[in-house]
Amino acid sequence: MMASIYQIAKADFLERIRRRGFLLTMFLTILCSYIFSPPRDGKYVTLVFDRYVGLYNSAWMGTSVAVSFSVFFSLIGFYFISKAVDVDLKARTGQIIAASPVSKSTYVLGKYFSNLSILCVIVAITMLSALVMQLVRGEDLTVDLWALASPFLFMTLPLVALISAIAIWFEIIPKLQGTLGNAVYFVFWILTVFASMKPVHLGNFVTFTDPFGRAIPMASIAAALKEQFPGYNGEFSQGLTFLDEKAQSFIWQGVDWSWPMIMGRVAWIAASIVLAWIASLFFHRFREKETRHAANLKNRKTVVMTGPQAAFDADFTLTPSSLTPLKPKAGRAPFLPLLRSELKLMLSGRGMWLWGAAALMLSCYLLPLDAVKRFAWPLAWLWPLAIWSAMGSRERLFRTEELLFSSPGRLSRQLHATWFAGVLLAVLIGSGLAVRLIAEGELTMLAVWAIGAIFVPTLALACGVWSGSGKMFEIIYLSIWYIGPLNGLPVLNFMDVSDGRLIYIYSGLVLIFYAAAILGRTKRLNE
Amino acid sequence: MMELYLENVSKSYDRRSWAVQKISLHMKSGVLGLLGPNGAGKSTLMRMLATLTKPSEGKIVWNGEDIARKPNRLRKVLGYLPQDFGIYPNLNAVEFLQYMASVKGLTGKTARLRIDELIQLVNLTEACRRPLGGYSGGMKQRVGIAQALLNDPQLLIVDEPTVGLDPEERVRFRNLLSDLAGERIVIFSTHIVSDIESTATTIAVMQKGTLLTISDPESMLGNMRGKVWETMVPSSQLEEVKKHWLISGVVRRTEGFQVRVIAEASPSIGAQPAAPTLEDAYLSFISYAGDRA
């Protein structure tokens, strides 16, 4: 069994790290490590205790990068690796695996270890980058490998093990696949980040609700700081924090990792393996699709035609020669029918979704204006997430590219129609607010609303065309939506109708994203 | 009058190796059967003809226009069925064809009438309102054929269309292509000789990116006259015979194996001349080209 797990993990690991996207990931990882270790006279920090930042020695550099990386990567990492089973679906090797004697647990654990290996490579690159950054910043050139590596070993490693297992769950449970799963994970991540601020201790071993393990270094750092600067107020801030003045430095030599602490962290790894194993109980060995498909067929009263009536031209009533001849039309083909078709395609198979959309649209008309701006409108523009995320990538996902790209006006017409359909959807679902702004004569506010309605689908189109999947848009848009419209961070809050500057900022972004979409499609066509 | 002209068309993806090299041919109406083993460059050539990729060298001219410069001229009259294509599983056949019709610039009553006719032609009338996700492979292929015929194409390109079809469907598909030819150019790529035996008016054989021959089936068969033999071989000698002669068929008999040999002269004393088939001709070309390489 161990040999099979190893071979499955190895094959999956090699397949995924040899993809071009992995090089980009490595580049982004190094870039993040750079961002997470800002210069002393920089205007921002990523880990600050009151107004104090540790001297950039191995312990501080390792810990601060590991902490920042853990929180950030627990979001991005999930989306990055959540396609271990999908690889076999896409490569159509799933049926071969299904017919092999490999057990469900062996296969799923193989995928789990593959996920873990990929994330470990990224963690290792981050660790090396932290070492390089320590030397680049040059505040303390003594390299203490244990102090540098231990935060990655005991904080980040258990976390990525957990993410590896969670990603498997989100791939195996049908309801958690796709956009809904991505959104659910996003909410889960936010809740975990908040919960980890106040970890629940289960004895000395496990800091329950803190998979990041942040509490351990934070307590150690706070204690060291209090000793050197008794005036320290006990507060700390993690994440991008802008400073008005240069942060004061203090010396911290790292966590004195005790066995109970280490065991507490190792417990997360053990729990993640158990979690992955439990997931294997729900794995359908690639029969899952058939099952779902069969359910669909049942629901739609669809039966695959079998027997003589399905024969190619039994009861042939028409011959090719009796087809009505068509004459090719000169000039450009009309755009509206294509737009209608794109809209129809976007909404196909979304019966229940439409009811939700109608309810949100109506709530924008009926609720008090403040409630609309604060809740109904942001929700209305989150509801079509799955539809927007398919823009620009649907053709690749359903392998219709060759059919579409051999049609007249392949670049301009179809891409414009997809974009326009996405914008129409945003306009329709948020129309309640627009009507009320018009009624109140708030034209600037209306302009902010309108540019928002254009911005979201344009971002979706650019992300879809360039990434070939909906995931990139889902991550970016969910993050913007959470930080901006929901938490009101200026500039990112593109739904702040009181801020007229947004018209110019987001108009610029729309132009950039639209140009990017066209460029991406042109590149794809020339491949 | 439609006319397709390929002049020294080559395609390289990395500037080191050539997927297609110096292909020249001229076509008017009829069915061109493009034969070749897997990896011969057929699909690359098809993709260039379908304007999906541009030739690295040479040019493809449709009715006097270089399609690399003015691809839309061809696309308006092009029907293309790729080897591997997908559908939107939540749409039914009619909705999918309506979508493809709008992409191809076909609208209104014309599109509706055309779709009705095509649905009947490919015999999907009963299933046409059911989601495509529930279709079998053969049914999806029929939807593919219907979409390729939507704009009544003057140039119809079908790339390995019989892959995945059962024998009955393959026969019917070949007949359909044959009927469709009429006043249009049909280019039909396959690695199965029997697919084009009865349909092609011209046959082109490709290997390793080059065009080995282009000819009509009768001439190909004529060239093979007197070069195909049948002889009985004891079971114990079959492996030895295979090493020395180009074998195009082996049938087990009670007294051993009846072997079909391609050779300029009689391979053995008891060998009888046999009527050549396109399979023999194809094998002979491929083998001869292999020997030369």
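These legends walk through a few views of a predicted model.

Local features here need pLDDT of at least 70 and side-chain atom pairs count only at pLDDT 80 or more, while totals for chains, interfaces and linings use all residues. Residues are numbered from 1 along each chain as its sequence is written, chains are lettered from A in the order in which they are written, and side-chain values use heavy atoms, leaving out hydrogens and water.

**View 1. Chain A as a whole, with its 22 helices and six strands.** Helices (H or I, at least four residues) and strands (E, at least two) are DSSP runs, numbered from the N terminus. The C-alpha trace of chain A spans about 90 × 70 × 45 Å along its principal axes. Its radius of gyration is 27 Å, which agrees with the value near 24 Å for a compact globule of 527 residues; that radius is taken over C-alpha atoms, and the globule rule is 2.2 Å times the number of residues to the power 0.38. Half the story is inside: 50% of the 527 residues of chain A count as buried, meaning under 20% relative accessible area with a 1.4 Å probe, protein chains only.

**View 2. Helix α13 of chain A (residues 351–366), home of S363(A).** S363(A) is buried, at a relative accessible area of 16%. Setting aside neighbours within four places in sequence, S363(A) is in contact with V372(A) and A376(A); contact means heavy atoms within 4.5 Å.

**View 3. Strand β9 of chain B (residues 202–207), largely enclosed by the rest of the structure.** Five of the six residues of β9(B) are buried, so that's how the strand earns its description. On one pairing, β9(B) runs parallel to strand β3 of chain B (residues 30–35), over four bridges. Strands count as paired if DSSP finds at least two bridges between them. To find your place in this pairing, look for G33(B), which stands opposite I203(B) in β9(B).

**View 4. The hairpin of β9(B) and β10(B), with two residues between the strands.** Strand β10 of chain B covers residues 210–215 and runs antiparallel to β9(B), the two being joined by five bridges. A handy landmark is V205(B), which sits opposite T213(B) in β10(B). In the turn, K208(B) has a positive phi of about 50 degrees. When you follow side chains along a regular strand, expect them to alternate between the two faces of the sheet.
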